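These are my notebook entries on a structure I looked through step by step. Each entry records what I looked up and what I found.

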Number of protein chains: 2
Amino acid sequence: MDDKLTALQVLLHEVDDLNMAAALLSWDQTTYMPPGGAEARGRQIATLARLAHEKFTSEAIGRLLDDLRPYESSQSYASDEASLIRVTRREYERAVKVPAEYVARATAHAAAAYQVWTTARPANDFAAVRPCLEQTLDLSREYSSFFPGYRHIADPLIDASDYGMKAAMLRPLFAELRQQLLPIVQAITAHPPADDACLKQPFPEAQQLAFGADIIRQYGYDFERGRQDKTLHPFMTKFSLGDVRITTRVKEHDLSEALFSTLHEAGHAMYEQGINRAYEGTPLATGASAGVHESQSRLWENIVGRSLGFWQHYYPKLQAAFPQQLGAVPLDTFYRAINKVQRSLIRTDADEVTYNLHVMLRLDFELDMLEGTLAVRNLAEAWRERFAADLGITPPDDRDGALQDVHWFSGLIGGAFQGYTLGNLLSAQFYSAALAAHPSIPSEIEHGQFGALHGWLAENIYAPGSKFTAPELIERVTGGPMRIEPYLDYLRAKYSALYPL
Amino acid sequence: MDDKLTALQVLLHEVDDLNMAAALLSWDQTTYMPPGGAEARGRQIATLARLAHEKFTSEAIGRLLDDLRPYESSQSYASDEASLIRVTRREYERAVKVPAEYVARATAHAAAAYQVWTTARPANDFAAVRPCLEQTLDLSREYSSFFPGYRHIADPLIDASDYGMKAAMLRPLFAELRQQLLPIVQAITAHPPADDACLKQPFPEAQQLAFGADIIRQYGYDFERGRQDKTLHPFMTKFSLGDVRITTRVKEHDLSEALFSTLHEAGHAMYEQGINRAYEGTPLATGASAGVHESQSRLWENIVGRSLGFWQHYYPKLQAAFPQQLGAVPLDTFYRAINKVQRSLIRTDADEVTYNLHVMLRLDFELDMLEGTLAVRNLAEAWRERFAADLGITPPDDRDGALQDVHWFSGLIGGAFQGYTLGNLLSAQFYSAALAAHPSIPSEIEHGQFGALHGWLAENIYAPGSKFTAPELIERVTGGPMRIEPYLDYLRAKYSALYPL
């Protein structure tokens with residue numbers, strides 16, 4: 001191997017060590033840190049992030065990447081060596097194009113905007129955030145200006161989380177998805193909603209956590225290389241490929257909260273645990289994109305974890321764990337409860353049928369605002385109109401409308417939401433590719449066995465890390481581009497068994 | 001304030017952020033990290049430590065320290081400003097005198113020696129570690145060679161943990177302490193040992209932890225700025241002045257293990273929690289020396305936590321917490337049990353009377369080896385002889401003799417042990433100064449009140465951080481140099497009430 005490649009890896013490891021340390025400091029901040037630690041902790045994380053950025057954008061790395069061009073060309077595109085150089089260069093060039101002065105300004109604005117939002121949302125005061133949000137929009141456009149030559153002004157912003165996905169491709173695809181979804185939602189919600197009272201009984205925390213842990217261990221989450229803790233909001237985080245942790249929150253009167261967030265975060269975590277260990281400490285040692293990552297969480301949470309076959313195996317165990325609460329509840333009732341579809345206001349609480357309508361509304365507004373066809377001052381009103389059209393209900397206030405999500409108030413406008421719907425689409429597209437390779441997967445799931453599915457994902461999705469962009473990975477794994485049909489087929493098959501569609 | 005002082009503080013904060021991050025990574029390694037995280041974690045901690053060292057020894061800091069000389073001279077010695085510059089310069093000069101090449105060589109040797117020791121100790125194989133230990137001795141002498149002009153070759157090594165303490169002062173002081181201690185030990189051990197069976201019953205873990213936490217909260221340990229977790233070996237660690245954590249280990253069949261280690265580590269932690277918050281992020285924001293730190297842990301563990309007055313208040317509460325185990329055990333039996341004195345092999349298990357004999361043996365051997373009057377090849381034999389002379393028993397093997405402690409096998413020879421005995425001596429000397437200022441302290445302790453003692457320590461010992469060296473601090477606080485009499489007086493008073501001395 002080229003000496004300069006080794007030199008590059010040494011520098012990349014140093015950057016990774018700083019980033020992983022910052023991740024641990026953040027994890028501790030939400031799990032175990034006493035209140036008195038908060039002030040210094042913020043500064044410590046900022047210092048580590050700044051040093052990591054300084055070191056990653058150093059001339060030394062730039063020079064090595066230049067020097068490595070001939071070596072890169074001598075290796076095949078998919079080789080580990082060429083991929084490491086290619087992906088590092090891509091990230092390096094994206095990082096050096098954004099001036100440090102801008103980063104400081106945008107970071108300071110995000111912190112200020114977040115502060116305003118934390119009081120404006122409970123006060124239902126859109127007017128209070130409007131000037132902030134207008135400045136955020138300016139900063140978002142300025143970000144894109146550092147990447148001249150883009151086709152759509154949102155593309156550089158989308159690249160930051162879903163590299164290679166373009167507005168020109170997403171917009172028609174999502175519009176078509178919306179057209180197909182609306183009649184499904186209408187057909188389902190014409191019927192009375194499922195009764196989910198069985199989930200709203202008291203379930204002791206310790207048993208809830210133990211039951212979820214048992215499932216994800218069987219899924220393939222490796223507790224020797226991870227652990228689960230409790231936090232206010234569930235998340236997955238990584239300190240090395242050998243230490244990928246998840247968190248959850250438990251509601252004693254809502255069984256679905258901890259259970260499905262555990263399955264969701266375990267999906268993210270198995271992805272990271274499954275990346276080729278040889279990539280440790282380099283930019284290859286992470287998921288391909290936000291959308292691909294979300295496909296893994298949604299696959300294990302919904303396609304597997306809310307399927308009838310899965311619960312044919314697990315429901316008797318759940319009943320045994322909670323005999324008083326569920327002993328007399330039939331499987332069919334439970335299955336309908338965990339797949340209850342309803343028109344609702346809050347994205348994060350939405351079921352898998354309506355969820356994408358929440359997301360696509362946001363993506364469309366991001367594109368419209370960036371293009372200048374939607375002014376920030378009209379956002380709240382536009383939200384209410386579109387929400388009524390898509391979801392059939394009108395938000396009674398902005399608190400649960402345009403002020404709902406933290407994303408625009410703690411970052412930029414653009415690139416924040418598309419990954420959620422990409423994840424849903426890809427979960428079904430990848431799952432159908434796995435089924436084609438291993439037709440036995442559904443019957444294995446009915447017996448609580450996940451080896452064939454996990455093995456196929458590990459080989460095809462997990463192992464390559466971020467060696468390929470999402471579009472490249474989808475092409476390699478499914479033989480074609482991203483499509484909406486597998487997801488629609490999945491929804492129609494599942495929900496036509498529950499409701500006459 | 002001088003602009004350059006502000007510039008210095010900014011650079012020092014960055015160094016501190018890296019060191020505090022490394023400390024959190026180490027804490028996590030011993031508390032919650034899954035096994036799979038170990039490999040990367042070692043590298044991450046090493047990277048942070050290296051970057052912190054590089055940044056602390058940078059020319060930028062050296063230049064600022066030079067430029068700040070006039071400003072420093074314009075301020076009083078005890079001012080925060082002059083102290084920050086003085087202490088930073090002292091640490092800077094000590095750090096830059098040691099070549100990076102030496103640090104790398106010594107670190108690698110320490111890691112290799114530790115590996116050899118981990119198998120040699122259980123195998124009772126002193127011959128296996130001898131070549132390692134000879135190299136360690138060479139490295140220790142080489143370390144001192146970077147500080148030409150020392151009076152004793154051990155002084156630079158002692159400076160690393162107990163700055164300003166000199167071999168020429170410690171040796172006669174410790175020799176005198178030994179002469180005074182030997183007859184006390186002989187007189188006590190002429191009597192049958194106390195019966196400590198009452199401590200060796202089953203005590204459920206949760207209640208043990210809750211009881212210890214109640215005491216240290218009352219001592220003054222602030223759980224809003226700290227927490228307690230379980231580890232294999234108890235320790236105190238700090239991530240900022242607002243986040244000072246302790247750990248303990250629980251033995252279900254030995255009440256004294258978790259209880260007294262909790263009181264001990266809380267003593268260390270209250271010291272750090274009490275440092276002037278204005279020093280946050282600088283070299284002033286730490287204890288004055290290893291010995292002064294140990295004085296705080298031993299004061300709360302032994303002088304307060306093993307006193308009769310303390311248990312006159314707390315023993316009824318302990319009986320209420322463990323009625324089956326202790327309900328029928330009189331206070332006198334319990335008090336004698338927690339103050340049992342016996343000749344024993346292991347330093348870390350030794351009682352407060354014999355403990356210093358274990359430590360002084362090690363310090364004398366360190367000095368002898370560094371001087372060349374004791375060869376490594378004769379260490380094991382010398383250990384057995386001195387041990388028999390001081391403790392009255394001969395170690396049956398080297399495992400519990402010269403191979404006992406990890407210190408020489410994971411670091412240098414010199415400076416590793418004196419802090420333990422300094423801590424014991426200073427605990428009594430500081431306590432008697434506190435008593436002189438607040439004669440009510442003993443009666444407050446009998447009522448479970450620690451405000452006067454904690455307040456005096458906070459003002460006199462905690463707040464200054466490392467503004468003063470240990471010798472300076474002792475002089476300021478007690479009006480004179482370090483003395484052995486307060487400690488001997490304390491031991492004689494306490495143990496003559498338990499045994500006819």
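**Entry 1: a glycine in chain B.** I began with B:Gly220, which has 20 C-beta neighbours inside 10 Å and therefore counts as buried. The threshold I applied is that a residue is buried if 20 or more other C-beta atoms lie within 10 Å of its own. I then located B:Gly220 in the loop between helix 10 (205-219) and strand 1 (228-230) of chain B. Leaving aside residues up to four places away in sequence, I found that B:Gly220 touches B:Met270, B:Phe450 and B:His454. I also looked up the spacing to B:Met270, which is 50 residues apart from B:Gly220 along the chain. The C-alpha atoms of B:Gly220 and B:Met270 are separated by 7.0 Å.

**Entry 2: confidence.** I noted that this is a predicted model. The model scores are ipTM 0.94 and pTM 0.95. For chain A, I recorded an average pLDDT of 96, with 100% of the residues scoring at least 70.

**Entry 3: Asn124 in each chain.** I next looked up backbone angles. Phi of A:Asn124 is near 55°, a positive value in a residue other than glycine. For B:Asn124, which is not a glycine either, phi is positive at about 55°. A:Asn124 sits in the loop between helix 6 (100-120) and helix 7 (126-145) of chain A. B:Asn124 sits in the loop between helix 6 (100-120) and helix 7 (126-145) of chain B. Is A:Asn124 buried, exposed or partly exposed? I found 14 C-beta neighbours inside 10 Å, so A:Asn124 counts as partly exposed. B:Asn124 has 14 C-beta neighbours inside 10 Å, so B:Asn124 counts as partly exposed.

**Entry 4: where the chains meet.** I looked up the contact between the chains and found that 29 residues of chain B are in contact with 29 residues of chain A. On the side of chain B that touches chain A, the elements giving two or more residues are helix 1 (3-31), helix 2 (38-56) and strand 2 (236-240) of chain B. Helix 1 of chain B supplies the largest share of this side, seven residues. I sorted the residues of this side of chain B into 12 nonpolar, seven polar and 10 charged.

**Entry 5: a helix pair across the chains.** Two packed helices are described by the angle between their axes and the distance between the axes. The axes of helix 1 (residues 3-31) of chain A and helix 2 of chain B come within 9 Å and cross at roughly 100°. I therefore recorded helix 1 of chain A as roughly perpendicular to helix 2 of chain B. Which residues meet here, in helix 1 of chain A and helix 2 of chain B? A:Glu14, A:Asp17, A:Met20 and A:Ala21 meet B:Arg43, B:Gln44, B:Thr47 and B:Leu48. The residues of this contact divide into three nonpolar, two polar and three charged.

**Entry 6: a helix pair within chain A.** I then turned to helix 18 (residues 418-437) and helix 20 (residues 451-462) of chain A, whose axes are 10 Å apart and pack at an angle of about 115°. Helix 18 of chain A is therefore roughly perpendicular to helix 20 of chain A. I noted the crossing of helix 18 and helix 20 of chain A as right-handed. From helix 18 of chain A, A:Phe430, A:Ala434 and A:Ala437 meet A:Leu453, A:Trp456, A:Leu457 and A:Ile461 in helix 20 of chain A. I counted seven nonpolar, no polar and no charged residues in this contact of helix 18 with helix 20 of chain A.

Conventions
Residues numbered from 1 in each chain as written. Chains lettered and ligands numbered in written order. Predicted model: local features only at pLDDT ≥ 70, side-chain atom pairs only at ≥ 80, totals over all residues. Helix = DSSP H or I, 4+ residues; strand = E, 2+ residues; numbered from the N terminus. Buried ≥ 20, exposed ≤ 12 C-beta atoms within 10 Å, placed from the backbone. Contact = placed C-beta atoms within 7 Å. Nonpolar A, V, L, I, M, F, W, Y, C, P; charged D, E, K, R; others polar. Axes fitted to C-alpha atoms, helices over the stretch in contact; angles between N-to-C directions. Parallel < 35°, antiparallel > 145°, perpendicular 65-115°, else oblique. Left-handed = near helix turned anticlockwise from the far one by under 90°. pLDDT = per-residue confidence, 0-100.
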